[in-house]
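Dear colleague,

Please find below the structure that I am handing over to you. My notes on what was found in it follow.

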Amino acid sequence: MEHRFTRQELYDRVWSKPMSHLVAELETTVGILTTLLRRADIPTPSAGHWMRKEFGKPTEQPSLPPAPGGCVEPLILDTETRGTKRNLKQIKTELEVAPAARPDVQAAESENKPPQPPKPRPSKPTTMTREDLYRAVWTTPMSRLAEEYGISGNGLAKICGREDIPYPPRGYWAKHAVGKAPKQTPMPKSNGARTIIIRPTPLPPPLVELPPEVKQHADRARANAIGLAVPERLVRPHAVIASWLAEHEEKKRRARQERDPWRRDLYRLVSSLKRIVASIAFWMRCSRQSSVKAERLGRGSGE
(Lines give C-alpha, C1' and ligand atoms only; values in the text may rest on other atoms or scores of the structure.)
Protein backbone atom coordinates (compact mmCIF):
# COMPACT_ATOMS: atom_id res chain seq x y z
CA MET A 1 0.00 0.00 0.00
CA GLU A 2 1.27 3.47 -0.86
CA HIS A 3 0.65 6.77 0.91
CA ARG A 4 1.35 10.05 -0.86
CA PHE A 5 2.09 13.28 1.02
CA THR A 6 3.45 16.71 0.40
CA ARG A 7 6.33 17.78 2.68
CA GLN A 8 4.01 20.14 4.56
CA GLU A 9 1.34 17.45 5.06
CA LEU A 10 3.87 14.92 6.37
CA TYR A 11 5.46 17.59 8.60
CA ASP A 12 2.04 18.45 10.11
CA ARG A 13 1.22 14.77 10.74
CA VAL A 14 4.58 14.07 12.39
CA TRP A 15 4.09 16.98 14.80
CA SER A 16 0.42 16.19 15.50
CA LYS A 17 0.83 12.77 17.17
CA PRO A 18 3.57 10.47 18.51
CA MET A 19 5.60 8.44 16.06
CA SER A 20 4.19 5.14 17.40
CA HIS A 21 0.61 6.28 16.73
CA LEU A 22 1.52 7.52 13.25
CA VAL A 23 3.30 4.26 12.40
CA ALA A 24 0.27 2.22 13.51
CA GLU A 25 -2.07 4.48 11.54
CA LEU A 26 -0.05 4.21 8.32
CA GLU A 27 0.62 0.48 8.84
CA THR A 28 4.35 0.85 8.33
CA THR A 29 7.50 0.63 10.46
CA VAL A 30 9.52 3.24 12.30
CA GLY A 31 12.56 2.57 10.10
CA ILE A 32 10.71 3.16 6.81
CA LEU A 33 9.03 6.33 8.05
CA THR A 34 12.26 7.69 9.56
CA THR A 35 14.14 7.08 6.32
CA LEU A 36 11.51 9.01 4.34
CA LEU A 37 11.61 11.90 6.81
CA ARG A 38 15.40 12.04 6.68
CA ARG A 39 15.47 12.10 2.86
CA ALA A 40 12.87 14.88 2.78
CA ASP A 41 14.72 16.84 5.51
CA ILE A 42 11.63 16.99 7.76
CA PRO A 43 12.43 17.65 11.45
CA THR A 44 10.97 15.24 13.99
CA PRO A 45 10.09 15.70 17.70
CA SER A 46 12.90 15.05 20.13
CA ALA A 47 12.84 12.40 22.86
CA GLY A 48 10.44 13.37 25.65
CA HIS A 49 8.59 15.93 23.49
CA TRP A 50 5.15 14.33 23.92
CA MET A 51 5.69 13.72 27.64
CA ARG A 52 6.50 17.40 28.19
CA LYS A 53 3.51 18.42 26.08
CA GLU A 54 1.18 16.13 28.06
CA PHE A 55 2.25 17.76 31.35
CA GLY A 56 1.90 21.27 29.94
CA LYS A 57 5.61 22.06 29.82
CA PRO A 58 7.07 24.29 27.07
CA THR A 59 8.14 22.52 23.88
CA GLU A 60 10.04 23.65 20.81
CA GLN A 61 8.87 22.92 17.26
CA PRO A 62 11.33 23.89 14.51
CA SER A 63 9.90 25.24 11.28
CA LEU A 64 9.96 23.24 8.06
CA PRO A 65 13.21 23.98 6.16
CA PRO A 66 13.30 24.35 2.37
CA ALA A 67 13.14 21.16 0.34
CA PRO A 68 16.56 19.61 -0.32
CA GLY A 69 17.84 19.10 -3.84
CA GLY A 70 16.42 16.05 -5.54
CA CYS A 71 13.32 15.89 -3.29
CA VAL A 72 10.31 15.31 -5.54
CA GLU A 73 6.76 15.75 -4.29
CA PRO A 74 4.50 14.02 -3.54
CA LEU A 75 6.48 11.88 -1.12
CA ILE A 76 5.58 8.20 -1.48
CA LEU A 77 5.50 5.96 1.59
CA ASP A 78 5.47 2.35 0.40
CA THR A 79 4.24 0.00 3.14
CA GLU A 80 4.50 -3.16 1.04
CA THR A 81 6.98 -5.88 2.00
CA ARG A 82 10.44 -5.29 0.57
CA GLY A 83 11.43 -7.49 -2.33
CA THR A 84 7.89 -8.00 -3.69
CA LYS A 85 7.38 -6.91 -7.28
CA ARG A 86 4.12 -5.56 -8.56
CA ASN A 87 2.70 -7.27 -11.61
CA LEU A 88 1.67 -5.58 -14.86
CA LYS A 89 -2.01 -5.62 -13.91
CA GLN A 90 -1.32 -3.52 -10.81
CA ILE A 91 0.79 -1.06 -12.83
CA LYS A 92 -1.97 -0.70 -15.46
CA THR A 93 -4.51 -0.14 -12.73
CA GLU A 94 -2.40 2.64 -11.26
CA LEU A 95 -1.94 4.27 -14.68
CA GLU A 96 -5.65 4.06 -15.48
CA VAL A 97 -6.70 5.43 -12.11
CA ALA A 98 -9.56 7.91 -12.12
CA PRO A 99 -8.68 11.64 -12.06
CA ALA A 100 -10.33 12.02 -8.69
CA ALA A 101 -7.79 9.63 -7.19
CA ARG A 102 -4.73 11.45 -8.56
CA PRO A 103 -2.38 13.00 -5.99
CA ASP A 104 -2.73 16.56 -7.34
CA VAL A 105 -6.54 16.35 -7.30
CA GLN A 106 -6.50 14.82 -3.82
CA ALA A 107 -4.21 17.61 -2.58
CA ALA A 108 -6.56 20.25 -4.02
CA GLU A 109 -9.58 18.57 -2.41
CA SER A 110 -7.80 18.33 0.93
CA GLU A 111 -7.01 22.05 0.78
CA ASN A 112 -10.62 22.96 0.00
CA LYS A 113 -12.03 20.61 2.62
CA PRO A 114 -12.90 22.51 5.85
CA PRO A 115 -11.08 21.37 8.99
CA GLN A 116 -13.00 18.91 11.11
CA PRO A 117 -14.09 20.22 14.51
CA PRO A 118 -12.48 18.57 17.53
CA LYS A 119 -14.30 15.70 19.14
CA PRO A 120 -16.51 16.99 21.99
CA ARG A 121 -15.36 16.16 25.49
CA PRO A 122 -17.67 13.68 27.25
CA SER A 123 -19.73 15.19 30.04
CA LYS A 124 -21.45 12.05 31.37
CA PRO A 125 -19.75 9.25 33.33
CA THR A 126 -18.85 6.01 31.58
CA THR A 127 -19.92 2.72 33.18
CA MET A 128 -18.14 -0.54 32.35
CA THR A 129 -16.90 -3.78 33.84
CA ARG A 130 -13.33 -4.77 34.69
CA GLU A 131 -13.19 -6.98 31.61
CA ASP A 132 -14.29 -4.15 29.32
CA LEU A 133 -11.66 -1.76 30.70
CA TYR A 134 -8.98 -4.46 30.56
CA ARG A 135 -9.83 -5.12 26.91
CA ALA A 136 -9.86 -1.39 26.11
CA VAL A 137 -6.43 -0.55 27.60
CA TRP A 138 -4.82 -3.38 25.63
CA THR A 139 -6.35 -2.30 22.31
CA THR A 140 -6.01 1.52 22.52
CA PRO A 141 -3.13 3.62 23.95
CA MET A 142 -3.83 5.01 27.42
CA SER A 143 -3.55 8.68 26.42
CA ARG A 144 -6.01 8.31 23.54
CA LEU A 145 -8.39 6.16 25.60
CA ALA A 146 -8.31 8.63 28.49
CA GLU A 147 -9.40 11.42 26.12
CA GLU A 148 -12.46 9.39 25.18
CA TYR A 149 -13.39 9.13 28.87
CA GLY A 150 -12.65 12.81 29.58
CA ILE A 151 -9.77 12.21 32.02
CA SER A 152 -5.98 12.23 31.92
CA GLY A 153 -3.71 9.29 31.24
CA ASN A 154 -2.48 9.31 34.84
CA GLY A 155 -6.06 9.26 36.08
CA LEU A 156 -6.85 6.23 33.95
CA ALA A 157 -3.70 4.48 35.20
CA LYS A 158 -4.77 5.13 38.81
CA ILE A 159 -8.21 3.63 38.11
CA CYS A 160 -6.56 0.53 36.63
CA GLY A 161 -4.26 0.24 39.65
CA ARG A 162 -7.18 0.60 42.08
CA GLU A 163 -9.21 -2.05 40.27
CA ASP A 164 -6.18 -4.38 39.89
CA ILE A 165 -6.28 -4.20 36.08
CA PRO A 166 -2.89 -4.61 34.34
CA TYR A 167 -2.18 -2.17 31.52
CA PRO A 168 0.61 -1.96 28.88
CA PRO A 169 3.99 -0.74 30.16
CA ARG A 170 5.82 2.27 28.80
CA GLY A 171 7.01 1.75 25.23
CA TYR A 172 4.55 -1.07 24.54
CA TRP A 173 2.85 0.57 21.55
CA ALA A 174 6.16 1.49 19.89
CA LYS A 175 7.20 -2.16 20.09
CA HIS A 176 3.71 -3.22 19.00
CA ALA A 177 4.03 -1.10 15.86
CA VAL A 178 7.15 -3.03 14.79
CA GLY A 179 5.80 -6.41 15.84
CA LYS A 180 7.95 -6.81 18.96
CA ALA A 181 5.39 -6.16 21.68
CA PRO A 182 5.66 -8.25 24.86
CA LYS A 183 2.92 -10.66 25.84
CA GLN A 184 -0.28 -9.29 27.28
CA THR A 185 -0.42 -9.55 31.08
CA PRO A 186 -3.39 -11.68 32.15
CA MET A 187 -5.94 -10.03 34.40
CA PRO A 188 -6.09 -11.44 37.95
CA LYS A 189 -9.36 -12.91 39.13
CA SER A 190 -11.75 -10.86 41.23
CA ASN A 191 -14.02 -11.89 44.08
CA GLY A 192 -17.14 -10.62 42.36
CA ALA A 193 -18.35 -8.65 39.35
CA ARG A 194 -17.73 -4.96 39.95
CA THR A 195 -18.94 -2.01 37.92
CA ILE A 196 -16.45 0.75 37.21
CA ILE A 197 -17.72 4.30 36.80
CA ILE A 198 -15.32 6.75 35.13
CA ARG A 199 -16.39 10.35 35.68
CA PRO A 200 -14.89 12.97 33.35
CA THR A 201 -12.73 15.65 34.90
CA PRO A 202 -14.48 19.04 34.76
CA LEU A 203 -12.76 21.62 32.60
CA PRO A 204 -11.51 24.84 34.22
CA PRO A 205 -13.79 27.86 33.79
CA PRO A 206 -12.99 30.09 30.80
CA LEU A 207 -10.79 33.08 31.39
CA VAL A 208 -12.63 36.32 32.08
CA GLU A 209 -11.84 39.05 29.61
CA LEU A 210 -10.55 42.12 31.47
CA PRO A 211 -11.63 45.65 30.55
CA PRO A 212 -9.09 47.70 28.56
CA GLU A 213 -8.46 50.03 31.53
CA VAL A 214 -7.54 47.11 33.79
CA LYS A 215 -5.24 45.69 31.11
CA GLN A 216 -3.45 49.04 30.82
CA HIS A 217 -2.93 49.23 34.60
CA ALA A 218 -1.65 45.64 34.63
CA ASP A 219 0.79 46.36 31.80
CA ARG A 220 2.13 49.43 33.62
CA ALA A 221 2.55 47.48 36.87
CA ARG A 222 4.28 44.65 35.00
CA ALA A 223 6.64 47.11 33.30
CA ASN A 224 7.49 48.77 36.63
CA ALA A 225 8.05 45.42 38.32
CA ILE A 226 10.77 44.47 35.83
CA GLY A 227 13.20 46.93 37.44
CA LEU A 228 12.60 45.70 40.99
CA ALA A 229 15.53 43.89 42.63
CA VAL A 230 14.58 41.26 45.22
CA PRO A 231 17.43 40.16 47.53
CA GLU A 232 18.14 36.44 47.76
CA ARG A 233 18.05 36.54 51.56
CA LEU A 234 15.50 38.52 53.58
CA VAL A 235 16.96 40.17 56.69
CA ARG A 236 13.74 41.19 58.47
CA PRO A 237 10.83 39.45 56.70
CA HIS A 238 7.21 39.76 57.70
CA ALA A 239 5.96 37.30 60.32
CA VAL A 240 3.83 35.45 57.75
CA ILE A 241 6.74 35.24 55.31
CA ALA A 242 9.10 34.13 58.10
CA SER A 243 6.77 31.30 59.13
CA TRP A 244 6.40 30.23 55.51
CA LEU A 245 10.19 30.19 55.06
CA ALA A 246 10.66 28.15 58.25
CA GLU A 247 8.04 25.65 57.11
CA HIS A 248 9.67 25.45 53.69
CA GLU A 249 13.10 24.78 55.21
CA GLU A 250 11.62 22.10 57.46
CA LYS A 251 10.06 20.37 54.42
CA LYS A 252 13.40 20.50 52.62
CA ARG A 253 15.17 19.00 55.65
CA ARG A 254 12.64 16.16 55.87
CA ALA A 255 12.95 15.53 52.13
CA ARG A 256 16.73 15.27 52.47
CA GLN A 257 16.32 12.81 55.34
CA GLU A 258 13.93 10.65 53.32
CA ARG A 259 16.16 10.81 50.25
CA ASP A 260 19.41 10.01 52.08
CA PRO A 261 19.00 7.36 54.82
CA TRP A 262 22.32 8.31 56.43
CA ARG A 263 20.94 11.80 57.11
CA ARG A 264 17.98 10.28 58.95
CA ASP A 265 20.26 8.03 61.00
CA LEU A 266 22.56 10.96 61.75
CA TYR A 267 19.60 13.05 62.91
CA ARG A 268 18.47 10.23 65.19
CA LEU A 269 22.00 9.86 66.57
CA VAL A 270 22.28 13.59 67.26
CA SER A 271 18.89 13.60 68.95
CA SER A 272 19.90 10.63 71.12
CA LEU A 273 23.17 12.31 72.10
CA LYS A 274 21.31 15.49 73.02
CA ARG A 275 18.95 13.52 75.26
CA ILE A 276 21.86 11.68 76.89
CA VAL A 277 23.76 14.92 77.56
CA ALA A 278 20.62 16.56 78.97
CA SER A 279 19.97 13.60 81.30
CA ILE A 280 23.62 13.55 82.48
CA ALA A 281 23.48 17.28 83.19
CA PHE A 282 20.23 16.82 85.10
CA TRP A 283 21.61 14.02 87.30
CA MET A 284 24.87 15.89 87.93
CA ARG A 285 22.88 18.88 89.10
CA CYS A 286 20.74 16.70 91.38
CA SER A 287 23.82 15.02 92.88
CA ARG A 288 25.48 18.39 93.43
CA GLN A 289 22.41 19.70 95.24
CA SER A 290 22.18 16.56 97.38
CA SER A 291 25.86 16.82 98.39
CA VAL A 292 25.41 20.47 99.37
CA LYS A 293 22.41 19.55 101.52
CA ALA A 294 24.33 16.71 103.19
CA GLU A 295 27.22 19.04 103.94
CA ARG A 296 24.90 21.57 105.52
CA LEU A 297 23.26 18.90 107.67
CA GLY A 298 26.71 17.65 108.83
CA ARG A 299 27.71 21.16 109.91
CA GLY A 300 24.46 21.65 111.82
CA SER A 301 24.84 18.37 113.72
CA GLY A 302 28.49 19.18 114.59
CA GLU A 303 27.54 22.46 116.19
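**Glu131 and helix 7**

Glu131 has its place in helix 7. Please note that this is a predicted model. Is Glu131 buried, partly exposed or exposed? Its relative accessible area is 40%, so Glu131 counts as partly exposed. Glu131 also shows how the chain returns to a region: Ala193 is 62 residues away in sequence, while the two C-alpha atoms are 9.5 Å apart in space.

**The protein as a whole**

The protein contains 13 helices and four strands. Of its 303 residues, 19% count as buried. Among the contacts with a separation of 6 or more, 71% are between residues 24 or more positions apart.

**How the helices pack**

Three helix pairs deserve your attention, and I begin with helix 7, in which Glu131 lies. Helix 7 covers residues 130-137, and it packs with helix 8 at an angle of about 130°, the axes being 10 Å apart. The two helices are therefore oblique to each other. On the side of helix 7, the contact is made by Leu133, Ala136 and Val137, and on the side of helix 8 by Met142, Leu145 and Tyr149. By class, this contact of helix 7 with helix 8 has six nonpolar residues, with no polar and no charged ones.

Helix 8 also packs with helix 9, at an angle of about 90° and with the axes 8 Å apart. Helix 8 is therefore roughly perpendicular to helix 9. Here Met142, Leu145, Ala146 and Tyr149 of helix 8 meet Gly153, Leu156, Ala157 and Cys160 of helix 9. The residues of the contact of helix 8 with helix 9 divide into seven nonpolar, one polar and no charged. Met142, Leu145 and Tyr149 of helix 8 take part in the contact with helix 7 and also in the contact with helix 9.

The third pair lies earlier in the sequence. At what angle do the axes of helix 2 and helix 3 cross? The axes of helix 2 (residues 19-26) and helix 3 (residues 30-39) cross at roughly 105° and come within 10 Å. Helix 2 is therefore roughly perpendicular to helix 3. Met19, Leu22 and Val23 in helix 2 are in contact with Val30, Leu33 and Leu37 in helix 3. The contact of helix 2 with helix 3 consists of six nonpolar residues, with no polar and no charged residues.

**The largest pocket**

Which elements give two or more residues to the lining of the largest pocket? They are helix 2, helix 4, helix 8 (142-149), helix 9 (153-162) and helix 10 (172-177). The space in this pocket is about 1600 Å³. It is lined by 39 residues, of which Pro18, His21, Trp50, Glu54 and Ser143 are the closest to its centre. By class, the lining has 20 nonpolar, twelve polar and seven charged residues.

**A buried histidine**

His49 lies in helix 4, which covers residues 49-54. Why does His49 count as buried? Its relative accessible area is 3%, and a residue is called buried because its value is under 20%. If neighbours within four places in sequence are set aside, His49 is in contact with Trp15, Thr59 and Glu60.

**Residues in loops**

Two aspartates have a positive phi. The first to consider is Asp41, in the loop between helix 3 and helix 4. Its phi is near 55°, a positive value in a residue other than glycine. With a relative accessible area of 37%, Asp41 is partly exposed. The other is Asp164, found in the loop between helix 9 and helix 10. The phi of Asp164 is near 60°, again a positive value in a residue other than glycine. Asp164 counts as partly exposed, at 45% relative accessibility.

Pro65 belongs to the loop between helix 4 and strand 2 (75-78). At 25% relative accessibility, Pro65 counts as partly exposed. Not counting residues up to four places away in sequence, Pro65 touches Arg7, Asp41 and Pro43. Of these, Arg7 is 58 residues from Pro65 along the chain, and their C-alpha atoms are separated by 9.9 Å.

With kind regards

Notes:
Residues are numbered from 1 along each chain as its sequence is written. This is a predicted model: local features need pLDDT of at least 70, side-chain atom pairs count only at pLDDT 80 or more; totals for chains, interfaces and linings use all residues. Side-chain values use heavy atoms; hydrogens and water are left out. Buried means under 20% relative accessible area, exposed over 50%, partly exposed in between (1.4 Å probe, protein chains only). Contact means heavy atoms within 4.5 Å. Axes are lines fitted to C-alpha atoms, for helices over the stretch in contact, and angles run from 0 to 180 degrees between N-to-C directions. Angles under 35 degrees count as roughly parallel, over 145 as roughly antiparallel, 65 to 115 as roughly perpendicular and the rest as oblique. Ala, Val, Leu, Ile, Met, Phe, Trp, Tyr, Cys and Pro count as nonpolar, Asp, Glu, Lys and Arg as charged, and the others, Gly among them, as polar. On a 1 Å grid over the protein atoms alone, a cavity is a set of points where a 1.4 Å probe fits but cannot get out, and a pocket is an open set with protein on both sides within 12 Å along at least five of seven lines; lining residues have an atom within 4 Å of a point. Grid points are joined across faces, edges and corners, and a volume is the space filled by probe spheres set on the points.
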